[in-house]
Amino acid sequence: MNKYLVFSIAILLNLTIIFSAKAQIKLPAIVSSNMVLQRNTTVNIWGWAAPAEKITIKTSWIKNEMNVTANSDGSWKVAVITTDSKAPQTISLKSKTSNIVLENILFGEVWLCSGQSNMEMPVKGFNGQPTFGSAEAIMHANNPNLRLFTVGRNSSKTPLDNLEKNNGWTQATPETAANFSAVAYFFGKQLQEILEVPVGLIHTSWGGSSVQAWMSNEALSEFQKVDLEEVDVTVKPNVIPTVLFNAMIHPLMNYKIKGAIWYQGENNRAKPEDYKKLFPAMVKDWRSRWNIGDFPFYYTQIAPFNYGGNEVYEVSKNTAFMREAQLDCLELIPNSGIAITLDLGDATSIHPPKKKEVADRLLMNALNQTYGMKAIKYLSPRFESQEIKENGILLKFKNIELGLYAFDTLKDFEIAGEDKVFYPANAKIVDRKNILVSNEKVPNPVAVRYAWRNFVEASLFDNNLLPISSFRTDDWNDATHSKNK
């Protein structure tokens with residue numbers, strides 16, 4: 001056979017293969033067998049095919065089939081109504097060149113779980129850094145009604161339409177749970193058991209990441225210029241603006257979720273005032289892009305840890321300022337909640353092992369605010385006002401129902417006069433709901449601070465044993481400690 005004819009046939013065959021591949025229906029990674037679709041709502045099924053390709057979609061729970069035609073760029077999307085059925089479902093998608101069947105689909109509650117390493121930390125723990133309760137959790141992890149999806153680490157200069165790295169939807173088993181986010185797993189496992197409905201968890205996080213990396217270009221551009229033209233996004237992408245949003249959040253935004261949980265902040269701890277602007281802007285932007293309203297957003301306050309020194313008062317070095325900023329975000333983010341972790345820190349590990357307790361407090365927010373279980377208390381008391389009294393200061397709190405509680409002597413209270421020099425103070429609970437703080441060396445006090453250090457062990461709780469966050473009654477950024485203890 002003429003070699004030129006052979007060459008021409010080969011080209012034609014290759015073109016045919018390429019054309020056929022393009023004509024095949026392609027689904028996004030997040031839409032697959034074993035997925036959980038948000039129940040009792042309208043969800044999206046979407047993907048790609050050849051331009052003008054006609055696609056027929058049939059579901060096991062809807063009598064009539066649906067037809068959709070791919071756009072000129074090959075994209076297509078159809079809205080599908082879900083129910084509250086607990087039975088496994090199927091979806092079939094057919095075209096001239098494709099016949100796809102998705103199986104073992106459940107309707108339930110879908111939660112996005114994101115942040116940095118304390119969200120990423122798996123049930124089995126990191127090397128030399130355990131997750132308390134992991135062995136028991138892994139032993140009891142078999143649960144066909146709990147589904148897990150982990151987004152693989154990736155970065156991009158521009159928003160991606162699909163996830164390039166992922167492990168697919170899986171059922172919870174000892175093997176899959178061991179490697180899944182501990183905070184997300186404990187949150188979802190208990191939510192599934194309490195509501196008695198399937199739960200789907202989408203985990204997308206990256207250790208050491210900044211909030212800027214999780215923000216879109218449009219949202220972040222309100223605060224800083226974003227120019228990635230000369231940036232190598234494969235080098236420390238977790239701190240490059242927008243690149244994690246582009247690769248690990250944007251591809252998920254057609255997927256209907258119930259809400260989100262978030263554990264991040266350590267990387268931004270040196271600039272708490274900036275965080276108070278960036279974090280609410282990120283949440284607002286995510287909500288706008290998901291286009292499902294102000295979905296619940298529950299986040300975790302960074303836990304105490306000795307960040308290279310405990311006797312520091314500078315804003316950039318004392319993480320109490322960051323804990324304060326995160327607490328203030330409650331007022332800036334509608335439909336939000338916070339898990340206070342002042343009693344869960346570890347002086348020597350930035351990854352505290354009590355991940356179930358973190359999940360519990362996020363879950364308390366969700367059960368009360370999202371699922372209407374009002375008997376479940378989730379709000380820690382918060383400083384409200386002060387009154388100068390008896391050469392001391394009387395502190396008053398809000399969100400108190402059954403009073404304040406201390407296991408032992410109250411610790412880590414400080415008091416200062418107008419010179420802005422803080423002295424260790426005596427503190428006692430008065431009338432079960434107020435705190436009187438004093439020090440004879442400060443006869444004319446004007447301000448009090450509590451737990452205003454990098455690492456502290458909480459001593460003040462409410463009657464539900466929820467810790468009270470670090471707080472201060474002043475707004476000084478130039479205060480100091482007394483050298484005379």
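Glu324 is buried, with a relative accessible area of 15%, and this residue makes a convenient entry point into the predicted model described here. Its salt-bridge partner is Arg472, and the closest N and O atoms of the pair are 2.8 Å apart. Since Glu324 belongs to helix α9 and Arg472 to strand β23, the salt bridge ties together parts that are 148 residues apart in sequence. Arg472 also counts as buried, at 11% relative accessibility. A further set of charged residues, Lys276, Asp328, Glu331 and Arg382, is joined into one network by salt bridges that share partners.

The setting for these pairs is a chain of 485 residues, of which 56% count as buried. The chain holds 10 helices and 24 strands, and its C-alpha atoms fill a box of roughly 105 × 50 × 40 Å along the principal axes. Among contacts between residues at least 6 apart in sequence, 73% join residues at least 24 apart. The accessible surface comes to about 21700 Å², with 50% of that area belonging to carbon and sulfur atoms.

Confidence in the model deserves a word before the details. The mean pLDDT of the chain is 94, and 95% of the residues reach 70 or more. Residues 3-21 are another matter: pLDDT stays under 50 over this stretch, for which the model has 2 contacts beyond four places in sequence. Where pLDDT is low, the predicted coordinates should not be read in detail.

Helix α9, the home of Glu324, covers residues 320-332. At 1.5 Å a residue, its 13 residues should span 18 Å, and the end C-alpha atoms are 19 Å apart, in agreement with that expectation. Of these 13 residues, 10 are buried, so the helix is largely enclosed by the rest of the structure. The buried set takes in Ala320, Phe321, Met322, Arg323, Glu324, Ala325, Gln326, Leu327, Cys329 and Leu330. Their cover includes helix α8 (272-290) together with strands β12 (297-300), β13 (336-339), β14 (382-389), β21 (447-450) and β23 (471-472).

Gln326 gives a closer view of this helix, since its place is in α9 and it counts as buried at 0% relative accessibility. Leaving aside residues up to four places away in sequence, Gln326 touches Gln264, Gly265, Tyr275, Tyr299, Thr300, Gln301, Ile302 and Ile338. The C-alpha atom of Gln326 is separated by 22 Å from that of Glu311, a residue 15 places away along the chain.

Arg382, a member of the salt-bridge network, is placed in strand β14. With a relative accessible area of 15%, Arg382 is buried. Beyond four places in sequence, its contacts are with Leu327, Asp328, Leu330, Glu331, Lys396, Phe397, Lys398 and Asn399. Asp328 and Glu331 thus appear both among the residues touched by Arg382 and in the network.

Across the chain the count comes to 19 salt bridges. One of them joins Arg39 and Glu109, whose closest N and O atoms are 2.6 Å apart. Arg39 lies in the loop between β1 (36-38) and β2 (42-48), while Glu109 is in strand β7 (residues 99-115), so the pair ties together parts that are 70 residues apart in sequence. Arg39 is partly exposed, with a relative accessible area of 23%, whereas Glu109 counts as buried at 2%.

Glu311 and Arg453 provide another example, their side chains meeting in a salt bridge at 3.7 Å, N to O. Glu311 sits in the loop between β12 and α9 and Arg453 in the loop between β21 and β22 (461-462), so parts that are 142 residues apart in sequence are tied together. Here Glu311 is exposed, with a relative accessible area of 55%, and Arg453 counts as buried at 11% relative accessibility.

Turning to the surface, a nonpolar patch of about 300 Å² is made by Tyr405, Phe407 and Leu465. Tyr405 is found in strand β16 (residues 404-405). This tyrosine is partly exposed, with a relative accessible area of 33%.

How values were computed. Residues numbered from 1 in each chain as written. Predicted model: local features only at pLDDT ≥ 70, side-chain atom pairs only at ≥ 80, totals over all residues. Heavy atoms only, no water. pLDDT = per-residue confidence, 0-100. Contact = heavy atoms within 4.5 Å. Patch = residues over 30% accessible without salt bridge, like charges linked within 9 Å, V, L, I, M, F, W, Y side chains within 5 Å. Areas by Shrake-Rupley, 256 points an atom, 1.4 Å probe, with all protein chains shown as cover. Salt bridge = Lys/Arg side-chain N within 4 Å of Asp/Glu carboxyl O. Helix = DSSP H or I, 4+ residues; strand = E, 2+ residues; numbered from the N terminus. Buried < 20%, exposed > 50% of the residue type's maximum accessible area, 1.4 Å probe, protein only. Expected span 1.5 Å × (residues − 1).
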